[in-house]
Amino acid sequence: MNRTKGDEEEYWNSSKFKAFTFDDEDDELSQLKESKRAVNSLRDFVDDDDDDDDLERVSWSGEPVGRRTRPGSFQSLSDALSDTPAKSYAPELGRPKGEYRDYSNDWSPRDTVRRLRKGKVCSLERFRSLQDKLQLLEEAVSMHDGNVITAVLIFLKRTLSKEILFRELEVRQVALRHLIHFLKEIGDQKLLLDLFRFLDRTEELALTHYREHLNIQDPEKRKEFLKTCIGLPFSAEDSAHIQDHYTLLERQIIIEANDRHLESAGQTEIFRKHPRKASILNMPLVTTLFYSCFYHYTEAEGTFSSPVNLKKTFKIPEKQYVLTALAARAKLRAWHDVDALFTTKNWLGYTKKRAPIGFHRVVEILHKNSAPVQILQEYVNLVEDVDTKLNLATKFKCHDVVIDTCRDLKDRQQLLVYRSKVDKGSAEEEKIDAILNSSQIRWKN
């Protein structure tokens, strides 16, 4: 969309002058990327300009910084850029009369930029020729001040045709990057698309087009739009993300329709006991997996809502899958499912417990979901590192684990310390006393 002069000035009035990066990705693709990164891994402008000492340095937060800080001296750029000839400015007391010169005629491009940088009032409308406007822009760039560069760009955007503006910025990369960021900030997608077409930057053109899906509320229409994005000239990595986004939304639409029907029918126990709090539509991949593990854990792999189906379709690593499934089943207090999640069989038929995420994390999640102490103790005992085991057992009051571990370590002193922490006359105290009085244990010094 195109912004009017008033819209642009409102942007400066409301902006906090936030610092930016040129590869800003404030869109749903970046959310999908973050979701994929979570699945695949369980783990400022520098102003070195030494201009006049009385120049105030302005940070992107809008506050003066640096050597001089005079409260109230920084004016908004909407005032500094005011081009209303009839506007009058009251003179400040104590200023020499020589300072009150005609703002619209007496300032060169360099002087104008310096005044803008100090937050002074000046008009840019006197710069009418293309040469003057470009000199104004070059002076702004040479100051290395992002606020002033963008202020001048707003003026050029309003007073130059887009063809001339694009042509001149193509050879001025610093200013070009500022314009691209500004257009993203104000949401001028149309001008961004025109700019990227002119620059023949096909990948950025594709990403800007893709971002349009954010304005589509209807899930089916959004899905169809995403389908049209699949063939656009993205990078290989981004193409994979776009395909995943489309496939995920497609699955979510099917799951949402089916689950809404099951919930309204009232015949499915899981939906009766645990009514859904929100729609699954447009949720991240990990959230969708958690939902699937919560409501559809036992479904066959052939169904779209099956956790195993999601795992295979989106190539979810084992660690992330186990972590998500554990969180979902523990929340339901389905302890049998938790046990099965970590039980494996070897080729001889023997079973053993195995946790790709580490049993210390299993214990933390189980405790968070109020698992019984008997279950907690079983998994605390499976923690290999002795210090970690003792810390977890003590933290979650798994008394038997602490007592047995101290006994195995032949650590009489630590056992005596722990004895003071259990209840008087309890079974735990009796067990500690029996161990302390045993003649068969050779205690450490």
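## Close-up views of a predicted model

**View 1. Lys-273 is exposed, at a relative accessible area of 57%.** The model shown here and in the other views is predicted. The value for Lys-273 is above the cut-off of over 50% that counts as exposed. Its salt-bridge partner is Glu-269, with N and O 2.8 Å apart. Glu-269 has a relative accessible area of 45%, so this residue counts as partly exposed. Both residues belong to helix H13 (residues 269–273), where 4 residues, about one turn of the helix, lie between one and the other. Residues three or four places apart in an α-helix point the same way, because the helix has 3.6 residues a turn.

**View 2. Arg-419 and Asp-433 form a salt bridge, with their closest N and O atoms 2.5 Å apart.** Because Arg-419 is in helix H22 and Asp-433 in helix H23, the pair ties together parts that are 14 residues apart in sequence. Arg-419 is partly exposed, with 26% relative accessible area. Asp-433 is also partly exposed, at 25%.

**View 3. Arg-260 and Glu-256 are joined by a salt bridge within helix H12.** Their closest N and O atoms are 3.4 Å apart. The two residues are 4 residues apart in the helix, which means a separation of about one helical turn. Which of the two is buried, Arg-260 or Glu-256? Glu-256 is buried, at 4% relative accessibility, whereas Arg-260 is partly exposed, at 45%. In the structure as a whole, 28 salt bridges are found.

**View 4. Helix H21 (residues 399–408) has buried residues that are covered by other helices.** The buried residues of H21 are Val-401, Val-402, Ile-403, Thr-405 and Cys-406. Their cover includes helix H19 (373–380), helix H20 (386–395), helix H22 (412–419) and helix H23 (427–436). Just beyond the end of H21, Lys-410 has a positive phi of about 55°. A network of salt bridges links Asp-400, Asp-404, Arg-407, Asp-408 and Lys-431.

**View 5. Tyr-210 and Phe-234 are one of the 9 aromatic pairs in the structure.** Their ring centres lie 6.4 Å apart and their planes meet at 90°, so the pair is edge-to-face. The pair links distant parts of the chain, 24 residues apart. Tyr-210 is in helix H10 (residues 202–210), and Phe-234 is in the loop between helix H11 (219–229) and helix H12 (236–265). Both Tyr-210 and Phe-234 are buried.

**View 6. The rings of Phe-290 and Phe-294 are stacked.** The planes are at 25° and the ring centres 6.2 Å apart, so the pair counts as stacked. Phe-290 and Phe-294 are both in helix H14 (residues 285–295), 4 residues apart and therefore about one helical turn from each other. Phe-294 is buried, at 10% relative accessible area, while Phe-290 is partly exposed, at 27%. Ring pairs connect Phe-271, Phe-290, Tyr-291, Phe-294 and Tyr-295 in a cluster.

**View 7. Two charged ends sit over aromatic rings, those of Arg-126 and Lys-311.** The ring under Arg-126 belongs to Phe-127, and the charged end is 4.7 Å from the ring centre. The ring under Lys-311 belongs to Tyr-321, at 4.8 Å from its centre.

**View 8. Trp-347, Leu-348 and Tyr-350 make a nonpolar patch on the surface.** The patch has an area of about 480 Å². Where does Tyr-350 lie in the secondary structure? Tyr-350 is in the loop between strand E3 (343–345) and strand E4 (351–353). Its relative accessible area is 56%, so Tyr-350 counts as exposed.

**View 9. The whole protein has 23 helices and 4 strands.** Of its 445 residues, 43% are buried. The accessible surface is about 24,500 Å², and carbon and sulfur atoms account for 49% of this area.

Notes: Residues numbered from 1 in each chain as written. Predicted model: local features only at pLDDT ≥ 70, side-chain atom pairs only at ≥ 80, totals over all residues. Heavy atoms only, no water. Patch = residues over 30% accessible without salt bridge, like charges linked within 9 Å, V, L, I, M, F, W, Y side chains within 5 Å. Areas by Shrake-Rupley, 256 points an atom, 1.4 Å probe, with all protein chains shown as cover. Salt bridge = Lys/Arg side-chain N within 4 Å of Asp/Glu carboxyl O. Buried < 20%, exposed > 50% of the residue type's maximum accessible area, 1.4 Å probe, protein only. Contact = heavy atoms within 4.5 Å. Phe/Tyr/Trp six-rings, centres within 6.5 Å; stacked < 30°, edge-to-face > 60°. Lys NZ or Arg CZ within 6 Å of the ring centre and 35° of its normal.
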